[in-house]
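Good morning, colleagues. I should like to take a few minutes to discuss how the strands are arranged in the structure now coming up on the screen.

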Amino acid sequence: MPHVLDVRGLGISFGGLKAVDDVSFSVERHRITTIIGPNGAGKSTLFNLISGALTPRSGKVMIDGVEMTRDSAEQKKAAGLSRSFQITNLFFELTVAENLRLAAQLLEPPSRALLPIRRSRRAMEKTEQMLERFALAHRRDELAGNLSHGDQRRLEIAVCLASEPKILLLDEPTQGMSHADTRDTAVLVRSLTEDVTVLLIEHDIGLVMSLSDHVVVMHQGRKLAEGPPNVVRSDPAVQAAYFGH
Ligand code: ADP
Ligand code: MG
């Protein structure tokens, strides 16, 4: 079976800056792979290249063994790749349940995709399932814009998952969260691997160490190291570049 995601020699420049430079790695199914690196290392740009928000100058992106380097974000989404953003992509003026139903509507075959949302049974069922699983049922009719920051981040993950992707890309899901919310999110992300493969960008190093199966370290656009969290952490090059000692 092919890897759910393969990245080969991926690169892009902005002006003279090589934001992502010849980066390769593979993502194992039902594992948590985490990308770490200092601010400006190229992590979000790498997500943009993988997800189709940006087109790479060089290299390949394979999803489930199929080369999709230059396919659009919509095509990659249809192939099973879903991503969250460092800045939210929720519809703040819609309710929690409506945000979920919109995302779950993708489960309908194209011939039914334009049905009024209320008549899509699969989308309705999926919405209920997500509300339960993400402990958002009591907030279902609240506008997404009125949720607490922690609940918004959780809803965002639920929205990404509602279309039943094969691989979920989460860009700093715990950013700005309290300690308690961060811990809850870690438990939640771990539980996701029953259904989906997770590729994570995370800055909380404690969380990275406890949560990840595999870590990819980025520095100045390049991959500096990769491996199991404890191995990566004791790598001298990583220590120097990232932990600053
Ligand atoms: P990270 O997510 O690791 O903090 P980014 O991928 O956001 O880093 O950015 C990597 C580098 O690329 C930074 O120097 C950033 O300023 C630059 N960069 C990112 N996006 C753009 C863009 N659209 N245009 C120009 N420069 C960009
Ligand atoms: Mg970033």
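Which residue in strand 10 does Val215 stand opposite? Please bear in mind, as we look for it, that this is a predicted model. The residue is Gly227. The setting for that position is the antiparallel pairing of strand 9, residues 214–219, with strand 10, which runs over five bridges.

Let me now place these two strands in their sheet. Strands 9 and 10 belong to an open sheet of six strands, ordered 6-7-8-3-9-10, in which the pairing is mixed. At the edges stand strand 6 (81–83) and strand 10 (222–227); each has a single partner strand, so one side of each is left without a neighbour in the sheet. On average, and ignoring direction, neighbouring strands here are turned by 20° against each other.

Helix 1, residues 43–51, packs on this sheet. The helix touches strand 3 (32–36), strand 6, strand 7 (167–171), strand 8 (197–201) and strand 9. With the direction of strand 7, that of helix 1 makes about 150°.

I turn next to another sheet. Four strands form an open sheet in the order 2-1-4-5, and their pairing is antiparallel. Its edges are strand 2 (17–27) and strand 5 (66–67), each with a single partner strand, and therefore one side of each lacks a neighbour in the sheet. Strand 5 pairs with strand 4, residues 58–63, in the antiparallel sense over two bridges. Within that region, Met62 has Glu67 of strand 5 as its bridge partner.

Technical notes:
Residues numbered from 1 in each chain as written. Chains lettered and ligands numbered in written order. Predicted model: local features only at pLDDT ≥ 70, side-chain atom pairs only at ≥ 80, totals over all residues. Pairing = 2+ DSSP bridges. Axes fitted to C-alpha atoms, helices over the stretch in contact; angles between N-to-C directions. Contact = placed C-beta atoms within 7 Å.
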